Amino acid sequence: MATKEVIGECEDPSVEVRVIGEPIGKGLFALKNFKAGEVIFEERPLVSCQFLWNAAYGYLACDYCMRPLETAEENACRLAQNPHLSLPYPECCDTKKDSLIECPQCDASYCSRECRASAWNQYHEKLCLHSFTPDPSHPLVMLQEAWKWWGMQPDSYHSQGSASQKRIRTSDVEYGQMHYPPETACIMLLARIIATVLQAADKEGATALFMQFCHRTVNEEEEIAHKLLGAEFHDQLEALRDLMEKALGAPEVRHWLTPEGFRSLVTMTAQTPGIGRSPVEISTEEREKLDQLIDNIYDQLDKEAGGFLNNEGSGLYPLQSACNHSCDPNAMPTFPYNNFHLVMTAVKDIAAGEEICVSYLDECNLSRSRHSRINILRENYLFTCRCTKCNEQSGDPDVTSDEDMEEEEEEEDEEDQ
């Protein structure tokens, strides 16, 4: 039962962050009725960052707001590896190529002078490499490479990604990696948080702003630890922490660079909601008129790029972060402005006083069995889901969706025999 104790300041008069109590902590509640499809609130992140592999594979995005830097047609040609591909309605693409600009001291690119100035004033002054050819011995460059190539065995790599995403040097694969597409976290988000504090005039205030996102690394009540913090990753975490300290170590952020403080930041980074934007956006009405052409384009994109069509990253959103999970959510975050600007939309009618819940799982995982969903949430978010849907399915067998599928296939094989 939520109490009326309100956490922090909320500029949106239609929602309110309230204390719920342990182990949940807080939640976001509606102060008015919302109809399905209605916008609940909009917000920009305190900080955001494109995923490293997403950038490495040429998904061009503004280094501040993540707006695509290529046109829809350029994006489709690159992803489909077809330079002759032509898209209709080029006037509908909102990428303004004449507004693109770079940092004069490194290769960071922006969609506008405003974004370049905002990045420099917030964090980029500290993070700028001051070189158009990154020095492989620079701590920040080493930090990014260590994050990309951390943890996974080479055979795991071979089972992932589309044809175009598997074009990578054999020497790289020998090291194995943990954050190959699809990515869910980025170490540079953490670096931008630290740099933001170091550049802030009010460093204590900036620190307090980010501390609201810091998560516990272990749920002691349920004996759950985040999957990135297992004993097998201890040495890698220490290496990352050492590189971060060499790059951005300062008295003001010392608490985040201790072993426990760094583990808390890594957990926060891994639990940060994703941002996905693509310049290939076509309205429902246009799709109906151009079904055959659209199907052909998406077939080409799927063949080469699989499901990886978007500029992807993650960000810290104060209101969105207060939304708890439900496997039967009543709201969903969307990004209709083609950048990091988040719009929370009701997917069901929501009554005043009702908690606003989103799904922490993507559509595919949300459709899996209760047992599979709970395992994913325990590993990544450190809680056992007890939402309405999970409670209704509490009598279901404790088997994963994969096991269900194997069982069904075995039954079909027996019937065929």
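Good morning, colleagues. I begin with T207, which is buried in this predicted model, because its relative accessible area of 13% falls under the 20% cut-off. T207 sits in helix α8, which covers residues 203-211. Its side chain reaches back to the backbone oxygen of K203, at 2.8 Å. If neighbours within four places in sequence are set aside, T207 is in contact with V197, H255 and W256.

That brings me to helix α7, residues 187-199. How far apart are its end C-alpha atoms? They are 19 Å apart, and this agrees with expectation, because 13 residues at 1.5 Å a residue should span 18 Å. As for exposure, α7 is mostly covered, with 13 of its 13 residues buried.

Helix α7 also takes part in my last topic, the second largest pocket, as one of the elements that give two or more residues to its lining. The volume of this pocket is about 860 Å³. Its lining comprises 29 residues, and those closest to the centre are A55, D63, D107, A108 and Q144. Besides α7, the elements giving two or more residues are strand β4 (47-50) and the helices α1 (52-56), α3 (113-127) and α4 (139-148).

Which element gives the most to this lining? That is α4, with five residues. What is the make-up of the lining by class? The second largest pocket is lined by 19 nonpolar, four polar and six charged residues.

To close, I would ask you to keep two points in view on the structure: T207 is buried in the model, and α4 gives five residues to the lining of the second largest pocket. Thank you.

Definitions and conventions:
Residues numbered from 1 in each chain as written. Predicted model: local features only at pLDDT ≥ 70, side-chain atom pairs only at ≥ 80, totals over all residues. Heavy atoms only, no water. Helix = DSSP H or I, 4+ residues; strand = E, 2+ residues; numbered from the N terminus. Expected span 1.5 Å × (residues − 1). Buried < 20%, exposed > 50% of the residue type's maximum accessible area, 1.4 Å probe, protein only. 1 Å grid on protein atoms, 1.4 Å probe; cavity = no way out; pocket = protein on both sides within 12 Å on 5 of 7 lines; lining within 4 Å. Points joined across faces, edges and corners; volume = space filled by probe spheres on them. Nonpolar A, V, L, I, M, F, W, Y, C, P; charged D, E, K, R; others polar. Polar contact = N/O pair within 3.5 Å; in protein donor to acceptor, adjacent residues only side chain to side chain. Contact = heavy atoms within 4.5 Å.
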